[in-house]
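Here is a quick walk through a protein model, written for someone who likes to check things against the coordinates. Have the viewer open and follow along.

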Amino acid sequence: MNFSLQTITLKVLLLSLLFAFPRHSEPKMARDFKDIYQITMTNLTIDLQEGFNNDTVLCKVNDDTVFHKNHVTTAKLTGLADSVSLGVKKGKVILQIAVKNRFMSKSIELDINEESYIGISLSSDSIRYIRSSQPFGYG
C-alpha cells in the first residue's frame, strides 16, 4: 500500500508526539492522535472494476502515485480487477487514472469529507467512474 508523503509526514509527526510525553499521558495522547486524524483525514478506496484486460494502470492522488501495476484484469465472477485504499486529507482531491497500454487517462476532482469509494470502469474508448459513501459489493 502506498501513502502520500503528506500522509506519512503527518502520521510520523503525530506518532512522535506520542513518545515525547511521559508514559502516564499515552492514553490521552492516543485519543488526541485519533481525534486529529479523524478531523483532518479520511479513507479513500479506489476499485478498478469492469473492462480491464491485461492493462497497465497508474493511479495518482494529488500527484502521488498510489497504484501502478501491469496485467490488471477484471475477474469475470466478481467484476473487480484490483483495489487500493489510502488515507487522504479531507477536502479537494485530484484523482488521476491512466491506462497506459490503451493511451487513456482521466482526471477527476473530488471533494472528500467522509470515507469515499470510487469505482473505475473502462469502455472501449473511455474511463468512467462512480462514487459511493459505502463499499461496493462484489459477487
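## Ground rules and overall make-up

A residue is called buried here when its relative accessible area is under 20%, and exposed when that area is over 50%. By that yardstick, 37% of the 139 residues in the protein chain are buried. Keep in mind that this is a predicted model.

What does the secondary structure of the protein chain come to? Two helices and eight strands. Going along the sequence, the pattern reads α-α-β-β-β-β-β-β-β-β, so to speak with both helices up front and the strands after them. Among contacts with a separation of 6 or more, 51% link residues 24 or more positions apart. As for the outside, the protein chain exposes about 8300 Å², with carbon and sulfur atoms supplying 55% of it.

## The mixed sheet

One open sheet takes four strands in the order 4-1-7-8, and its pairing is mixed. Strand 4 (82-89) and strand 8 (127-132) are the edges, each pairing on one side only. On average, neighbouring strands in this sheet are turned by 20° against each other, direction ignored.

For a closer look, take strand 1 (residues 41-48) and strand 4: they run antiparallel and are joined by eight bridges. A handy landmark in this pairing is Ile46, which stands opposite Val84 in strand 4. As background, strands of a sheet pair through backbone hydrogen bonds, either parallel or antiparallel.

## The antiparallel sheet

The other set of four strands also forms an open sheet, in the order 3-2-5-6, and here the pairing is antiparallel. Its edges are strand 3 (64-72) and strand 6 (104-112), each of which pairs on one side only. From one strand to the next, the twist averages 15°.

Strand 2 (residues 55-61) pairs with strand 3 in the antiparallel sense over six bridges. If you want a pair to click on, Val57 has Lys69 in strand 3 as its bridge partner.

## The nonpolar core

Which residues have the most contacts inside the largest nonpolar core? They are Ile46, Leu48, Val61, Leu95 and Ile120, in a core of 25 residues. Strands 1, 2, 3 and 4 each supply at least two residues of this core, and so do strand 5 (91-99), strand 6 and strand 7 (116-122). The core therefore draws on strands from both sheets.

Ile120 is a good one to centre the view on. Leaving out residues up to four places away in sequence, Ile120 touches a list of residues that includes Ile46, Leu48, Phe52, Leu95, Ile97, Ile108 and Ile127. Charged and polar residues turn up on that list as well, among them Asp47, Gln49, Glu50 and Arg128.

## Two backbone oddities

Most residues other than glycine have a negative phi. Two residues here go the other way. His71, in strand 3, has a positive phi of about 60° although it is not a glycine. Phe103, in the loop between strand 5 and strand 6, has a positive phi too, near 55°.

Are these two buried or exposed? His71 is exposed, with a relative accessible area of 60%, and Phe103 counts as exposed at 80% relative accessibility. Both values clear the 50% cut-off for that label.

Notes
Residues numbered from 1 in each chain as written. Predicted model: local features only at pLDDT ≥ 70, side-chain atom pairs only at ≥ 80, totals over all residues. Heavy atoms only, no water. Buried < 20%, exposed > 50% of the residue type's maximum accessible area, 1.4 Å probe, protein only. Contact = heavy atoms within 4.5 Å. Areas by Shrake-Rupley, 256 points an atom, 1.4 Å probe, with all protein chains shown as cover. Pairing = 2+ DSSP bridges. Axes fitted to C-alpha atoms, helices over the stretch in contact; angles between N-to-C directions. Core = buried A, V, L, I, M, F, W, Y, C linked by side-chain atoms within 4.5 Å.
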